[in-house]
Amino acid sequence: FSSPQSVGFQNFSDLVHDKHFKEALLHNLAIVAAMPLWIGIPYGIAWGLHREIWGWKFFRFAFFLPVVLSPVVVGVYYGIVLKPDGPLNSALESVGLGFVAHEWLNDPSIALAVVIAIIIWATFGIGVLIFLSALSNLDSEQIDAARVDGASPAQIQRHVIFWQLLPVIEFWAILIVIASFTAFFPLIYTLTHGGPGYSTYTVDFDLYQEAFSSGRLGYAASIGVTLVLIIGVVGGLVLGLLRARRRGA
């Protein structure tokens, strides 16, 4: 490393005008925008497991299994499965759905959506575990009282269970925000390397590229500081929206 030289706020000034950083930030925000799926899918599965559907013990294990896999393993695995001549396209062609086959990771128009789907698959088991734990600690007296008053299952779900679970939803939402900006570099690195082009570029991947590919350590540090601030702002906005709904109920 060379001797440090003070450049004031020049790195932050450059960051404001860096189109690759802006593009990466938009991609991270797109991942955060998938939050309804990130919350709804684990909750729906947790509700089914809580009701002890057929095979619930097996499914409880199966749904959590992707969580214990390294993101590197997940990236390599899906990199193989989603190749143009990979198992997925071959399976589609074998059942007469060849028209659905696609270059899933080589098409800039859908690559980010595919990556988001993989991210949700790889992490939703944590949400299932969190919601399953919360459902086992519901206040049954409130639910019984609502049932006696003639509330339908949908009304109980919306007006009783949802509000009991809201603190848990807030906790899971904050974990999603933090993970969306900091946890998926290994997956992006092994799966798409930010491509095709910059279509799956993320802020943490940009930080790595600037620090270890371009050798711009000071600029990479400014990205890191900005990333912390962004997580705080986005996390605060998400909590504010959830709590505003609670107050407006």
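Start by selecting His 27: leaving aside neighbours within four places in sequence, this residue is in contact with Leu 112, Tyr 198, Ser 199, Thr 200 and Tyr 201, contact being heavy atoms within 4.5 Å. His 27 belongs to helix 2 (residues 19-33); helices here are DSSP runs of H or I with at least four residues, strands are E runs of at least two, and both are numbered from the N terminus. Colour His 27 as buried, since its relative accessibility is 11%. The cut-offs are under 20% relative accessible area for buried, over 50% for exposed and partly exposed in between, with a 1.4 Å probe and protein chains only.

Before moving on, some housekeeping. You're looking at a predicted model, where local features need pLDDT of at least 70 and side-chain atom pairs count only at pLDDT 80 or more, while totals for chains, interfaces and linings use all residues. Residues are numbered from 1 along each chain as its sequence is written, and side-chain values use heavy atoms, with hydrogens and water left out.

**Zoom out**

Switch to cartoon and show the whole chain. What do you count in helices and strands? There are 12 helices and zero strands, so the order of elements from the N terminus reads α-α-α-α-α-α-α-α-α-α-α-α. Along the principal axes, the C-alpha atoms fill a box of roughly 70 × 55 × 30 Å. Of the 249 residues, 39% are buried. Take the contacts with a separation of 6 or more: 72% of them are between residues 24 or more positions apart. Turn on the surface and you have about 13,900 Å² of accessible area, 65% of it belonging to carbon and sulfur atoms. Areas come from the Shrake-Rupley method with a 1.4 Å probe, and for residues only the protein chains shown count as cover.

**The aromatic cluster**

Now show Phe, Tyr and Trp side chains as sticks. The structure holds 17 aromatic pairs, a pair being two rings of Phe, Tyr or Trp (its six-membered ring) with centres within 6.5 Å; planes under 30 degrees apart are stacked, over 60 edge-to-face and the rest tilted. Pick Phe 185 and Phe 205: the ring centres are 5.9 Å apart and the planes sit at 35 degrees, so this pair is tilted. The two rings link distant parts of the chain, with Phe 185 in helix 10 (residues 185-191) and Phe 205 in helix 11 (residues 203-213), 20 residues apart. Which of the two is buried and which is partly exposed? Phe 205 is buried at 0% relative accessibility, whereas Phe 185 is partly exposed at 21%.

Extend the selection to Tyr 189, Tyr 198, Tyr 201, Tyr 208 and Phe 212: ring pairs link these residues with Phe 185 and Phe 205 into a cluster. Tyr 198 and Tyr 201 should look familiar, as both are among the contacts of His 27.

**Between helix 10 and helix 11**

Follow the backbone into the loop between helix 10 and helix 11, where you'll find His 193. His 193 has a positive phi near 55 degrees, in a residue other than glycine. Its relative accessibility of 41% makes His 193 partly exposed. Pro 196 is in this loop too, and a cis peptide bond joins Gly 195 to Pro 196, with omega about 0 degrees.

**Charged pairs**

Next, select Asp, Glu, Lys and Arg. How many salt bridges are there? The count is two, where a salt bridge needs a side-chain nitrogen of Lys or Arg within 4 Å of a carboxyl oxygen of Asp or Glu.

- Glu 210 pairs with Arg 216, the closest N and O atoms being 3.4 Å apart. Glu 210 is buried at 10% relative accessibility, while Arg 216 is partly exposed at 37%. Keep Arg 216 on screen, as this residue also lies over the face of Tyr 219, 4.1 Å from the ring centre; the rule is NZ of Lys or CZ of Arg within 6 Å of the ring centre and within 35 degrees of the ring normal.
- Asp 144 pairs with Arg 147, with 3.1 Å between the closest N and O atoms. Both are in helix 8 (residues 140-148), three residues apart, so about one helical turn separates them. Asp 144 is partly exposed at 41% relative accessibility, and Arg 147 is partly exposed at 49%.

**Last stop: a surface patch**

Select Phe 61, Leu 65, Val 68, Leu 69, Val 73 and Trp 121, which form a nonpolar surface patch with about 540 Å² of accessible area together. Patch members have over 30% relative accessible area and no salt bridge; like charges are joined within 9 Å and nonpolar side chains (Val, Leu, Ile, Met, Phe, Trp, Tyr) within 5 Å. Finish on Val 68, in the loop between helix 4 (56-64) and helix 5 (71-81). Val 68 is exposed, at 54% relative accessible area.
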